[in-house]
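Hi,

Here is the structure I promised to pass on to you. Please open it beside this email and follow along as you read.

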Amino acid sequence: MTGPLEEVYEAIEDCLRACNQCYDACLEEEDISHLRDCIRTDRECADICELALEAISSNSPLMKEVISLCAKSCRLCQEECEKHDHQHCQMCAQACMECAEFCEAYV
């Protein structure tokens, strides 16, 4: 794996890490009631990122479709995380935006 696909893979890994960190940090907040949608989108985005990493690693015939789905999931997570002022949410939004851009450029 070289070139653009390697960059996509690395962006997805970064996004997966950021989503998991945001998810965990949200659960540690004192009042999580306003973070429910953030927690949900973090979890879903992380799951789809994992699927995309596997699709790339196995050179799946559905790789481009999965990468496209990953971009969509990242955009949704980015939009949700941007609504919150917590540093972990803002860092996740940034990682999701970057991942979506790499994925969109690839497909």
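Contact here means heavy atoms within 4.5 Å. With that in hand, look at helix α2, whose buried residues pack against α1, α3 and α4. Please keep in mind that this is a predicted model.

Let's stay with α2 for a moment. The helix has 22 residues and reaches 32 Å from its first C-alpha to its last, close to the 32 Å expected at 1.5 Å a residue. Its buried residues are Cys 38, Ile 39, Thr 41, Asp 42, Cys 45, Ala 46, Ile 48, Cys 49, Ala 52, Leu 53, Ala 55 and Ile 56. You may notice how these numbers are spaced. An α-helix has 3.6 residues a turn, so residues three or four places apart point the same way. After α2 comes Asn 59, which has a positive phi, near 55°.

Now turn to α1, which covers residues 4–28. Its 25 residues should span 36 Å at 1.5 Å a residue, and the end C-alpha atoms are indeed 36 Å apart, so the two values agree. Among the buried residues of α1 are Leu 5, Val 8, Tyr 9, Ile 12, Cys 15 and Leu 16. The buried residues of this helix pack against α2, α3 and α4.

What about Glu 6, also in α1: is it buried or exposed? Glu 6 is partly exposed, because its relative accessible area is 33%. Glu 6 and Ala 52 are 46 residues apart in sequence, yet their C-alpha atoms are 12 Å apart in space.

Next, the pair α3 and α4. Helix α3 (residues 63–81) and helix α4 (residues 87–106) have axes that come within 8 Å and cross at roughly 150°. Angles over 145 degrees count as roughly antiparallel, and α3 and α4 are therefore roughly antiparallel to each other. Their crossing is left-handed. The contact includes Ile 67, Cys 70, Cys 74 and Cys 77 of α3, along with Cys 89, Cys 92, Cys 96 and Cys 99 of α4. The residues of this contact divide into 16 nonpolar, two polar and four charged.

One last residue to find is Glu 80, in helix α3. Its relative accessibility is 10%, so Glu 80 counts as buried. Which residues does Glu 80 touch, leaving aside its neighbours within four places in sequence? They are Asp 37, Cys 38 and Thr 41. Of these, Cys 38 and Thr 41 also appear among the buried residues of α2.

Enjoy exploring, and write back with any questions!

Best wishes

Key. Residues are numbered from 1 along each chain as its sequence is written. This is a predicted model: local features need pLDDT of at least 70, side-chain atom pairs count only at pLDDT 80 or more; totals for chains, interfaces and linings use all residues. Side-chain values use heavy atoms; hydrogens and water are left out. Axes are lines fitted to C-alpha atoms, for helices over the stretch in contact, and angles run from 0 to 180 degrees between N-to-C directions. Helices (H or I, at least four residues) and strands (E, at least two) are DSSP runs, numbered from the N terminus. Angles under 35 degrees count as roughly parallel, over 145 as roughly antiparallel, 65 to 115 as roughly perpendicular and the rest as oblique. A crossing is left-handed if the near helix is turned anticlockwise from the far one by less than a right angle, and right-handed if clockwise. Ala, Val, Leu, Ile, Met, Phe, Trp, Tyr, Cys and Pro count as nonpolar, Asp, Glu, Lys and Arg as charged, and the others, Gly among them, as polar. The expected span of a helix is 1.5 Å times one less than its number of residues. Buried means under 20% relative accessible area, exposed over 50%, partly exposed in between (1.4 Å probe, protein chains only).
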